[in-house]
Each structure stands twice: as C-alpha cells, then as structure tokens.
Amino acid sequence: MDSVEITRAKEPPELRYLEPAQVRVFRTDDGRVRATIGDQRSVIAPRFLRAQPLSAPDRYIAIREADPTGKEVGLLRDWYRLDRESRDLVQAELDRRYLYPVLTRIIQAKHLFGVAICVFETDRGVREVTLRDIRDNVIYLGAARILITDAEGNRYDIPDVTGLDPTSRALLAEIL
C-alpha cells in the first residue's frame with residue numbers, strides 16, 4: 001500500500017510594516033548600500049521597490065533581500081521621513097529602478113502598417129518611438145494621467161494630458 005503524504009500549504013509571509021525611525025540606509029566603506037532595521041537586522045545591498053508603483057508610488061516602499069529569493073524584509077511607511085542620507089540613497093535607487101521619461105510634447109505621429117511611429121519630446125530629450133498594439137500598451141492612471149509603453153518596453157509618463165499643447169493633444173488623440 002502506498003503511503004500518502006499530507007502536506008500543508010505554506011503560510012503566507014507575515015506583512016511587516018517598518019517606520020522611518022527604525023530604518024537607516026547608508027553606504028559602507030567599500031561603497032555598498034546597507035540597511036539596518038533597528039538593532040534587529042542588517043540587509044546588505046537591499047532592493048527598494050514601490051509596493052504600488054502606478055497608483056500610489058510613494059505610499060509604501062518594500063525592502064527586499066538582494067539574494068535570489070528576494071525575501072521581503074518589510075514595507076516602509078512614510079519613507080520620505082527617513083534621515084537625509086537614508087532618504088537620498090532610497091530615492092536614488094527608486095529613480096534608477098523606475099525611470100519613466102515624462103512626455104512634454106508630441107512632435108510627430110504617423111501610422112505605418114498598423115504601428116504608430118512617434119517623435120516625443122520628454123524631460124530627457126527627444127525620442128523616436130514605435131508603438132504597437134496601442135490599446136494594450138496604454139494605462140490610464142486617473143482622469144488625466146497616462147502611461148504609454150513603446151515596442152521596446154520603455155514607458156512614457158504623461159502626468160496631465162490637459163497640460164499638453166493643443167497640437168500634442170490632437171496627435172495623442174490620433175494615436176489612441
């Protein structure tokens with residue numbers, strides 16, 4: 001007779017909220033970033049991720065281990081209340097991870113064989129982009145904010161469509 005092994009489902013990890021006063025982020029003498037959580041834990045080369053990157057990007061920041069498991073250490077609330085050094089290091093990591101050029105103007109848009117070829121002016125310079133399956137690659141984040149993903153996976157943020165010049169709004173309407 002075969003024995004049957006009963007396995008229990010793993011318990012979901014406990015959600016741990018961290019307050020800014022508990023967390024210190026600093027650069028070690030050898031240049032690596034380290035985070036300490038009170039006197040309980042030290043995390044070498046932590047990863048900082050936005051828990052809600054699109055809807056509430058600054059509400060909670062997840063601190064994770066850098067190892068392949070990426071185990072979450074906790075969710076940092078009000079991270080902007082960290083001490084200056086910690087806040088600057090977390091901000092630099094978030095900026096590096098979530099680099100979304102802000103679209104300031106649409107210079108040109110033309111349709112060729114089912115794709116849109118556009119020239120965007122962004123806060124990081126002028127970019128020529130290819131947009132495929134535009135309906136699948138546009139995220140509406142409220143009444144006036146749009147996030148567009150191009151064919152190469154780059155994202156472009158339009159924080160306020162109503163703030164675009166009339167020509168850009170007309171070209172955007174053609175694209176969408």
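Is Y17 buried, partly exposed or exposed, and what is its relative accessible area? In this predicted model, Y17 is partly exposed, with a relative accessible area of 35%, a value that falls in the class between under 20%, which is buried, and over 50%, which is exposed.

Y17 also leads into the aromatic pairs, of which a search of the whole structure finds two. In one of them Y17 is paired with Y60 in a tilted arrangement, the ring centres lying 5.7 Å from each other and the planes making an angle of 50°. This pair links distant parts of the chain, since Y17 belongs to strand β1 (residues 17–18) and Y60 to strand β6, 43 residues apart. Unlike Y17, which is partly exposed, Y60 is buried, at a relative accessible area of 17%. Another aromatic pair is formed by F120 and Y156, whose arrangement is edge-to-face, with 5.4 Å from centre to centre and 75° between the planes. Because F120 sits in strand β9 (residues 115–122) and Y156 in strand β13, this pair ties together parts of the chain that are 36 residues apart in sequence. Both F120 and Y156 are buried.

From the aromatic rings we turn to the charged side chains. Side chains of opposite charge can pair when their charged atoms come close. With a cut-off of 4 Å between a side-chain nitrogen of Lys or Arg and a carboxyl oxygen of Asp or Glu, the count of salt bridges is eight. One of them joins the side chains of R41 and E65, with a distance of 2.3 Å from N to O. R41 lies in strand β4 (residues 41–44), whereas E65 is in the loop between β6 (60–64) and β7 (72–77), so the salt bridge ties together parts that are 24 residues apart in sequence. R41 counts as partly exposed, with 28% relative accessibility, while E65, at 15%, counts as buried.

A further salt bridge connects R145 with D157, their closest N and O atoms being 3.0 Å apart. Here too the pair links distant parts of the chain, with R145 in the loop between β11 (138–140) and β12 (146–149) and D157 in strand β13 (residues 155–158), twelve residues apart. R145 is partly exposed at 22% relative accessibility, and its partner D157 is buried at 9%. In the salt bridge between D78 and R81, the closest N and O atoms are likewise 3.0 Å apart; D78 counts as partly exposed at 25% relative accessibility, and R81 counts as exposed at 52%.

R41 appears again in the surroundings of T36, a residue of strand β3 (residues 33–37). Because the limit for a buried residue is under 20% relative accessible area, T36 counts as buried at 19%. When its neighbours within four places in sequence are left aside, T36 is in contact with Q22, V23, R24, F26, R41 and S42.

The last feature to consider is open space. Rolling a probe the size of a water molecule over the atoms shows where empty space is left. The largest pocket holds about 200 Å³ of space, and its lining is made up of 13 residues, among which R50, P57, D95, Y98 and Y100 lie nearest the centre. By character, this lining divides into six nonpolar residues, one polar residue and six charged residues.

Note on methods:
Residues numbered from 1 in each chain as written. Predicted model: local features only at pLDDT ≥ 70, side-chain atom pairs only at ≥ 80, totals over all residues. Heavy atoms only, no water. Helix = DSSP H or I, 4+ residues; strand = E, 2+ residues; numbered from the N terminus. Buried < 20%, exposed > 50% of the residue type's maximum accessible area, 1.4 Å probe, protein only. 1 Å grid on protein atoms, 1.4 Å probe; cavity = no way out; pocket = protein on both sides within 12 Å on 5 of 7 lines; lining within 4 Å. Points joined across faces, edges and corners; volume = space filled by probe spheres on them. Nonpolar A, V, L, I, M, F, W, Y, C, P; charged D, E, K, R; others polar. Contact = heavy atoms within 4.5 Å. Phe/Tyr/Trp six-rings, centres within 6.5 Å; stacked < 30°, edge-to-face > 60°.
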